[in-house]
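Reader: I am new to this structure and would like a careful, close look at chain A, with as much of its surroundings as is needed to place it.

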Amino acid sequence: MFRWLEKNLPKIVMAPAVGLIGWFVYGFVLWTLYISFTNSKILPKYELWGFGQYEKLWASRKWLISVDNLLIFTALFLIFCVVIGIILAIFLDQKIRAEGLLRTIYLYPMALSFIVTGTAWKWILNPTLGIQKMFRDWGFENFTFDWLVDREMAIYTIVIAGVWQSAGFVMALFLAGLRSVEDEIVKAAKIDGASLFTVYWKILLPMMRPVFFTSFVILVHISIKSYDLIVALTQGGPGISTTMPALYMTQTAFHKSQVGLSAASAMMMFMAVAAVIIPYLYSELRRENAR
Amino acid sequence: MFLRWFLYFILILFASYFIFPLYVMVVTSLKTMEEIRQGTLLSWPSGLNLESWAVAWGGRGYGAGDTFLRPYFWNSIKMVVPAVFFSTFIGAMTGYVLTKWRFKGDQWVFLFLLFGCFIPFQAILLPMARTLGVLGISNSVIGLVLVHTVYGIPFTTLFFRNYYISVPTELVKAARIDGAGFFKIFFKILLPISAPIIVVTVIWQFTQIWNDFLFGSTFSFGEAAPIQVALNNMVLSSTSVKEYNVDMASAIIAGIPTLIVYVLAGKYFIRGLTSGAVKG
């Protein structure tokens with residue numbers, strides 16, 4: 001008995017983690033998947049109902065708006081984070097004075113919650129006392145900046161706050177990537193007469209492919225899961241103009257008590273994330289095994 | 001030379017964009033409402049007026065509708081400390097087994113755990129809410145400790161596994177020949193060299209759990225709510241006139257613990273971020 005225990009101790013120590021994740025991650029996802037095929041309202045029902053909830057979901061105007069918003073947000077969020085992140089990383093890489101301080105400033109938003117930063121942005125962007133008033137007081141009397149309360153434009157305020165929060169992170173990834181390149185390569189290129197611009201554009205950035213890939217995966221992942229920022233900044237409003245899938249899911253589940261429908265929306269999110277993550281994990285593992 | 005100036009100009013321009021909201025938060029929290037209406041976002045406060053901080057933290061002292069952050073701040077502490085401890089401990093153990101007591105199929109077990117880093121939590125919210133109800137710990141700090149411990153395990157395992165994999169296995173083998181057991185090897189050989197990864201993991205978990213809103217707002221309300229939920233409720237409550245100075249003081253109070261950790265241990269924070277920032 002004791003020998004057996006000793007021999008299997010490592011597996012016994014692993015068991016709680018594997019059991020917890022098996023139950024709370026895999027079991028729960030399967031439960032949600034099952035419920036998405038039932039006609040559950042407030043309480044879950046277990047008779048199968050086919051794809052009805054998915055049909056309902058894709059016929060819902062609110063869900064379609066959510067998906068639209070997610071696509072707009074993801075595209076802009078990706079572009080701005082990556083462009084700003086790369087510019088900052090390259091500029092910081094030029095033996096800048098006070099680099100540590102600047103880096104700290106670029107990255108501190110990542111330490112704050114979206115609720116905290118959303119609260120701040122909401123105050124800054126509010127038309128009565130925020131930026132709009134500041135510019136008007138400075139003499140630009142016709143200056144208007146009321147995106148926060150404009151149905152068409154409110155989604156872009158979420159982009160502004162989201163980029164502000166995450167661009168520094170992309171900067172950190174690229175800076176680490178640039179620093180890992182051998183100095184020799186850069187020196188050799190310079191001796192050959194390449195300008196600094198050419199060195200980055202033709203040599204270093206193409207070498208950063210894995211970093212681009214990682215940033216892409218992480219940023220898309222963040223954007224699909226966006227929830228807190230929207231709650232803090234617009235609560236999906238004005239109207240439903242800034243709803244996104246994560247918000248749709250919780251509202252449908254906990255305010256409207258449409259459990260089956262919300263499970264279907266959760267599974268759509270799950271599949272979207274899986275479509276990005278599985279190739280990523282696959283390539284990461286291959287890289288690790290190649291080493 | 002011109003290029004250098006241009007470089008610094010752009011870098012400082014972006015630095016001001018990043019610092020701007022924090023600056024606005026701090027100065028706004030120090031103004032009176034009168035000053036806020038008259039000045040602009042950037043204008044300097046007339047003095048060190050800490051009243052809105054006092055109101056944000058401890059309320060105004062009259063009964064109904066007087067929400068303030070102090071009790072929720074303690075809720076968050078009571079939630080974060082055990083959740084960080086348990087998830088870090090479990091992660092250290094699984095990371096240890098996965099690298100130093102390898103068994104057949106351990107790579108699959110790792111992948112099995114790792115996938116938990118990526119799932120959108122919406123896919124587990126409904127069954128989790130029911131489970132907490134069945135266990136009788138919905139709307140309680142204990143329930144949130146359970147939730148954060150469980151969903152932290154994939155990350156803590158990832159951190160420890162990637163750290164321990166670079167520790168030479170020969171050390172462990174030699175100790176085993178000398179008759180040291182499973183726990184002795186962990187406590188005598190691995191734990192003493194684990195300080196950096198423990199710091200990374202604790203900071204990562206602390207920041208994630210402190211800043212969480214989705215779980216907090218779904219599984220708790222009223223008195224058991226953590227601070228982010230309370231902050232959001234405070235800011236959204238439309239019962240009285242908007243007091244932006246109190247809102248900003250509240251936001252700073254809710255953000256200051258993680259900000260302090262970031263400033264003191266930024267290096268470790270970034271290490272965690274670059275190896276585990278798959279979580280939104």
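Author: A word on confidence comes before the details: pLDDT is the predictor's confidence in each residue, on a scale from 0 to 100. The model shown here is predicted, and as a whole it scores ipTM 0.90 and pTM 0.91. For chain B, the partner of the chain you ask about, the mean pLDDT is 88, with 95% of the residues at 70 or more. Within chain B, confidence is highest in helix H4 (residues 70-100) of chain B, at a mean of 94, and lowest in helix H14 (residues 266-276) of chain B, at 76. Where pLDDT is low, the predicted coordinates should not be read in detail.

Chain A itself is built with 13 helices and 0 strands, so that, when the chain is read along its sequence, the pattern is α-α-α-α-α-α-α-α-α-α-α-α-α. The radius of gyration of chain A is 24 Å, whereas the globule rule gives 19 Å for 291 residues; chain A is therefore more spread out than a compact globule. Along its principal axes, the C-alpha trace of chain A spans about 75 × 70 × 35 Å. Of the 291 residues in chain A, 44% are buried. Among the contacts in chain A between residues at least 6 apart in sequence, 68% join residues at least 24 apart.

From here the view can move inward. The largest nonpolar core has 170 residues, and the residues with the most contacts inside this core are Met171(A), Phe174(A) and Ile124(B). The element that gives the most to this core is helix H7 (residues 154-179) of chain A, with 16 residues. What does Met171(A) contact, once its neighbours within four places in sequence are left aside? Met171(A) is then in contact with Gly85(A), Leu88(A), Ala89(A) and Tyr106(A).

The side that chain A turns to its partner can be described in similar terms. The contact between the chains takes 76 residues from chain A and 67 residues from chain B. Helix H1 (residues 2-36) of chain A provides the largest share of the side of chain A that touches chain B, namely 17 residues. By class, that side of chain A has 60 nonpolar, 11 polar and 5 charged residues.

Two loop residues of chain A deserve a look of their own. Lys95(A), which is not a glycine, has a positive phi of about 50°, and Lys95(A) lies in the loop between helix H3 (61-92) and helix H4 (99-107) of chain A. Is Lys95(A) buried or exposed? Since a residue counts as exposed with 12 or fewer other C-beta atoms within 10 Å of its own, Lys95(A), with 6 C-beta neighbours inside 10 Å, is exposed. Gln235(A), not a glycine either, likewise has a positive phi of about 50°, and its place is in the loop between helix H11 (228-233) and helix H12 (245-254) of chain A. Gln235(A) has 16 C-beta neighbours inside 10 Å and therefore counts as partly exposed.

For the surroundings, a brief return to chain B is useful. The domain assignment of chain B gives domain 1 (2-49) and domain 2 (70-276), and the centres of these two domains of chain B, taken over C-alpha atoms, are 33 Å apart. Their contact takes 8 residues from domain 1 of chain B and 7 residues from domain 2 of chain B.

Definitions and conventions
Residues are numbered from 1 along each chain as its sequence is written. Chains are lettered from A and ligands numbered from 1 in the order in which they are written. This is a predicted model: local features need pLDDT of at least 70, side-chain atom pairs count only at pLDDT 80 or more; totals for chains, interfaces and linings use all residues. Domain bounds come from an automatic or database domain assignment. Two residues are in contact if their C-beta atoms, placed from the backbone, lie within 7 Å. Helices (H or I, at least four residues) and strands (E, at least two) are DSSP runs, numbered from the N terminus. The radius of gyration is taken over C-alpha atoms; the globule rule is 2.2 Å times the number of residues to the power 0.38. A residue is buried if 20 or more other C-beta atoms lie within 10 Å of its own, exposed if 12 or fewer, and partly exposed in between; C-beta atoms are placed from the backbone. Ala, Val, Leu, Ile, Met, Phe, Trp, Tyr, Cys and Pro count as nonpolar, Asp, Glu, Lys and Arg as charged, and the others, Gly among them, as polar. A nonpolar core is a set of buried Ala, Val, Leu, Ile, Met, Phe, Trp, Tyr and Cys residues joined through C-beta atoms within 7 Å.
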